[in-house]
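Work through the exercises below with the sequence and the model open side by side. Try each task before reading its solution.

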Amino acid sequence: MIDLHVHLDGSLRESTLAKFLGYRPKEIYFSKGMGLEQALNSFTTTLGTIQTPDLVKKAVMELCTDLTFAGVYQGEIRFAPQLHYGAPIEEIVDAACEGLYGDRTLILCGLYGEHPRVLDRLVETARTRYKVVGIDLAGAPSPDHRWNLLDYSDAFTKARDYGLGRTVHAGEGRPAKEIEVAINFLHAQRIGHGLSVMDDWKTMDLVLQKDVLIEACLTSNYHTGCIKEYADHPMKQWLREGIKFTLCADNTLLSQTDLEHEYHLAMKHCGLSQEDLWQTQRWAREKLF
């Protein structure tokens, strides 16, 4: 199987986290309807345990092993190296690259609200490291942010010119217009979550026209309250409309899930057949960065 959307800091090995902290922090795990802001706050704990290059390398190696045991043999791991203060961004990325094994690569995440210079530095870092295949804009916008989605256009344009893949967290419980901006101005080839894509026909047409893939994260959306029940996810409608998507675990530790579990939920609650799931995997292979 292929998973295109797995966050390193949300997918640490539970035993490693407990050993570092001295206890098992059950309170950080996601739960139904907790809201996106509270979910994002959970990363503070996990990030605190992987601040130095050696710890980042170890975490990546363990995640690669855990994904393999879960039947995921190919895909991309993403993280925000600027949040690891134990070394410069470049050293943190190099450590993550050293931890990779198997048919896996890295995506570097800028964050909503960060100065655009941060994302520009990530693009320059990615350009010279062949195991880094793309960039992402993660997190969520806030009214308090000085910088908005359009302010990251220059960095994403540079990434496109360098031949790097581009994905953006957009439409995660927010208007479809966000997806449209991500595609038109950030040159997004994939959209993380993208729940609102069918809320506006112009956005849906754009996704179809540009052949954009949506990285669907069912359990994550259920936990953050973007959908009230698993059956509320629009993936079945996406199939009918020809919108390409693939199922992703997002955060294996925090959501206590893996790709096989996501498949089970999609079949049980969203009406996907085994053939539908195989189709999503074909799309995932097609859209690998």
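**Exercise 1. Place glutamine 274 and classify its exposure.**

Step 1: Glutamine 274 sits in helix H13, residues 274-286. Helices here are DSSP runs of H or I with at least four residues, strands are runs of E with at least two, and both are numbered from the N terminus.
Step 2: The model is predicted; local features need pLDDT of at least 70, side-chain atom pairs count only at pLDDT 80 or more, and totals for chains, interfaces and linings use all residues. Residues are numbered from 1 along each chain as its sequence is written, and side-chain values use heavy atoms, with hydrogens and water left out.
Step 3: Buried means under 20% relative accessible area, exposed means over 50%, and partly exposed lies in between (1.4 Å probe, protein chains only). Glutamine 274 has a relative accessible area of 39%, so it is partly exposed.
Step 4: Histidine 264 is ten residues away along the chain, and its C-alpha atom is 9.8 Å from that of glutamine 274.

**Exercise 2. Trace the sheet from edge to edge.**

Step 1: The sheet is open and has eight strands, in the order E1-E2-E3-E4-E5-E6-E7-E8, with parallel pairing. Two strands pair if DSSP finds at least two bridges between them.
Step 2: Strand E1 (2-7) and strand E8 (245-247) are the edges, and each pairs on one side only.
Step 3: From one strand to the next, the twist averages 25 degrees. Axes are lines fitted to C-alpha atoms, for helices over the stretch in contact, and angles run from 0 to 180 degrees between N-to-C directions.
Step 4: Now count bridges. E1 and strand E2 (residues 74-79) share four, in the parallel sense. Isoleucine 2 has glutamine 74 of E2 as its bridge partner.
Step 5: E3 and E4 run parallel and are joined by six bridges. Glycine 110 is bridged to leucine 137 in E4.
Step 6: E4 and E5 also run parallel, with four bridges between them. Here glycine 134 faces glycine 165 of E5.

**Exercise 3. Find what covers strands E4 and E5.**

Step 1: Check burial in E4. Seven of its seven residues are buried.
Step 2: In E5, six of six are buried. One side holds Gly165, Thr167 and His169; the other holds Arg166, Val168 and Ala170.
Step 3: Look for helices. Helix H5 (residues 89-99) packs on the sheet and touches E2, strand E3 (103-111) and strand E4 (132-138). The direction of H5 makes about 155 degrees with that of E3.
Step 4: Helix H8 (residues 177-185) lies across strand E5 (165-170) and strand E6 (190-193), at about 165 degrees to E5.
Step 5: Helix H7 (residues 153-162) buries Ser153, Ala155, Phe156, Thr157 and Ala159. Their cover includes helix H6 (116-127), E4, E5 and H8. Just after H7, glycine 163 has a positive phi of about 85 degrees.

**Exercise 4. Describe how H8 meets H9.**

Step 1: The axes of H8 and helix H9 (residues 201-209) come within 9 Å and cross at roughly 35 degrees.
Step 2: The crossing is left-handed, a term for a near helix turned anticlockwise from the far one by less than a right angle (right-handed if clockwise).
Step 3: Lys177, Ile179, Glu180, Ile183 and Asn184 of H8 meet Lys202, Thr203, Leu206 and Val207 of H9. Contact means heavy atoms within 4.5 Å.
Step 4: Sorted by type, these residues are four nonpolar, two polar and three charged. Ala, Val, Leu, Ile, Met, Phe, Trp, Tyr, Cys and Pro count as nonpolar, Asp, Glu, Lys and Arg as charged, and the others, Gly among them, as polar.
Step 5: Is glutamate 180 buried or exposed? Its relative accessible area is 13%, so glutamate 180 is buried. Beyond its neighbours within four places in sequence, glutamate 180 contacts Asp200, Lys202, Thr203 and Leu206.
Step 6: Close with the end of the helix. Just after H8, histidine 187 takes a positive phi of about 60 degrees.
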